[in-house]
Amino acid sequence: MLPFSLPRPGHDRRTFDARVSGGRDLGELPEWDLTDLYPAVDAPELKRDMDWLEDACARFAEDYEGKLATLDAPAFLDMVKRHEKIETIGGRLMSFAGLRYYQHTTDAERAKFLSDLQEKVTIYTTPLVFFSLELNTLEDDAYAALFTASDDLARYKPAFDRVRAMKPYQLSDELERFLHDMGVVGDAWMKLFDETIASLSFTIDGEEMGIESTLTQMTEQDRSKREAAARELARVFGENIKTFARVHNTQAKEKEIMDRWRGMPSAQMGRHLSNDVEPEVVEALRNAVVAAYPRLSHRYYALKAKWLGLDTMQIWDRNAPLPMESDRIVGWDEARKTVMEAYAGFDPRMAEIAEPFFTKGWIDAAVKPGKAPGAFAHPTVTEVHPYVMLNYLGKPRDVMTLAHELGHGVHQVLAAGQGEMLASTPLTLAETASVFGEMLTFRAMLDGAKTQKERKVMLAGKVEDMINTVVRQIAFYDFECKLHEARRGGELTPDDINALWMSVQAQSLGPVFDYMPGYETFWAYIPHFVHSPFYVYAYAFGDGLVNALYAAFQENPEGFQDKYFDMLKAGGSKHHKALLAPFGLDASDPSFWDKGLSMIEGFIDELEAMEE
């Protein structure tokens, strides 16, 4: 439950013109208004909350440390509510500092503010380390009796069950306190990664640009522009590869030490526990996807090579637009209209929940100097609201990213009713609403296709997105598994890491690809490897789950919306088995994943049929 996490990386109202990104007029792009968290860094409300947090943590420890076993159900419930309030205040503080930092990661003042606040919060919350440790010393019978004695307390049981899952891997109180204090050191490596990425400069045709704009060049219609971008990425990654290798070596070694001391059976086990998912379910997903590589990515990329008139594809062709695809730029207003109409078409309630994101400063969309790359939806705390970050450049895929992150936002709003301890979903379920939002938007756009050519472009784009979400993420997962396993044998050179990367890339992408010199370094910029080890399989889990959900919606639409909203409202209060049961689905059934993968195969079948 503690410590508090920063939002994942992806914005300061500077002289940068938010209407134009990459030379394109995209319309009025929204910016965050963080005042719903705090008015300013020097706001009295922020100081008040810092002072309250310090005092509340000290009093909590004084009142409860060493006494959990003596509490009856009403007293235990009072303690839970006090703990939840601490989580809320701490989460609010860290959300404000983190979001403000990601708006401009190269701003020294913002970096210092985040670092200083994070250190203080860590110090203040150190007395709370006893809470989960002592909880895990309760006898099973006494633990169960607490939750059967009070319905109000019983609703919190799933959160405590997840804490109890760590019981076999718990260290002594003294060591756990030490590790809590050392957390800020590990976070420093994440910040080094973020700052390094944000400060990288790429030069293409005499124009300097950041990583996000350079990666976007890899989707240009002009093949020479894509090649120039790929080679420039390789050059800059190569110049900085020692830094990235140091970050990965240090973090993997830190994790190996922690896992060894805790007695974790694998590097992935901690992630599975936090995701509340059984290792065998993840293994079944991984095996199903790897077995499907020839039927999915290998087959699709061979088809794409034919469309591009190539015998062999280079890495800069992987996300190339199709020759028949227009180089159309989608303005912000059109993107908003497309997504909102798709959401409303599914259920008007969904559009109503999404509307404030656009009108109240809950989205930061423009690409700006120093802004973190990528996109995310951060829930902040349940008494405020989520914030969505994008780097919107007007590509059709950017519309799907908007649909994806807005889906997260809707999920987070609906789950907020569960309260701070139960709102957050495991990563495996966190992608459900986002991928479902993408699917709704895609289906609405596909139904509106006016020509066979337009339909073909849309289908191909969706297949590529699904391959990126399923095949690519499982390849990433395999890379991480190999990286952490290899690091247990000693320090890894950049060449060692490069070789691991290429082994999974060749397997997943297939024989139609050739690989330019330098592509072996492209592992360096993936933020999930640094911020959330083994996070990536959650994307494939979510895509497979949503494909199965959407199939259930098509087969039996009656009452589906209500069941879907109930699932999102549940947040982290239920296991994936309980959440999927109303739909007649079960992720622990190995055939479940094949159902999801068959949807991708069906789209490829349709694309192949268009060639006949």
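**View A. Ser266 sits in the loop between helix H11 (241-262) and helix H12 (269-274).** A quick heads-up before going further: this is a predicted model. Is Ser266 buried, partly exposed or exposed? With a relative accessible area of 22%, Ser266 counts as partly exposed, because buried would need a value under 20%. Set aside the neighbours within four places in sequence, and Ser266 is in contact with Asp259 and Arg488. For a sense of scale, pick Leu446 as a second marker: Ser266 and Leu446 are 180 residues apart in sequence, and their C-alpha atoms are 43 Å apart in space.

**View B. Thr125 belongs to helix H3, which covers residues 108-125.** Here we zoom in on one side chain. How much relative accessible area does Thr125 have? The value is just 1%, so Thr125 is buried. Which backbone oxygen does the side chain of Thr125 reach? The partner is the backbone oxygen of Val121, at 2.8 Å.

**View C. Helix H5 (residues 140-148) packs with helix H7 (residues 157-164).** The angle between this pair is about 165°, and the axes lie 11 Å apart. H5 and H7 are therefore roughly antiparallel to each other, since an angle over 145 degrees counts as such. As for handedness, H5 passes H7 in a right-handed crossing. On the H5 side, the contact is made by Asp140, Tyr143 and Phe147. H7 brings in Lys157, Phe160, Asp161 and Arg164. Sort the residues of this H5 and H7 contact by class and you get 3 nonpolar, no polar and 4 charged.

**View D. Helix H24 (residues 537-555) packs with helix H25 (residues 560-569).** Their axes are 10 Å apart, and the angle comes out at about 155°. How are H24 and H25 oriented, roughly parallel or roughly antiparallel? That angle makes H24 roughly antiparallel to H25. Now for who touches whom: H24 supplies Leu549, Ala552 and Phe553, which meet Phe560, Gln561 and Met567 of H25. By class, the contact of H24 with H25 has 5 nonpolar residues, 1 polar and no charged ones. Gln561 is the polar one, because Leu, Ala, Phe and Met count as nonpolar.

How values were computed: Residues are numbered from 1 along each chain as its sequence is written. This is a predicted model: local features need pLDDT of at least 70, side-chain atom pairs count only at pLDDT 80 or more; totals for chains, interfaces and linings use all residues. Side-chain values use heavy atoms; hydrogens and water are left out. Helices (H or I, at least four residues) and strands (E, at least two) are DSSP runs, numbered from the N terminus. Buried means under 20% relative accessible area, exposed over 50%, partly exposed in between (1.4 Å probe, protein chains only). A polar contact is a pair of N or O atoms within 3.5 Å; within protein, one must be able to donate a hydrogen and the other to accept it, and residues adjacent in sequence count only if both atoms are side-chain atoms. Contact means heavy atoms within 4.5 Å. Axes are lines fitted to C-alpha atoms, for helices over the stretch in contact, and angles run from 0 to 180 degrees between N-to-C directions. Angles under 35 degrees count as roughly parallel, over 145 as roughly antiparallel, 65 to 115 as roughly perpendicular and the rest as oblique. A crossing is left-handed if the near helix is turned anticlockwise from the far one by less than a right angle, and right-handed if clockwise.
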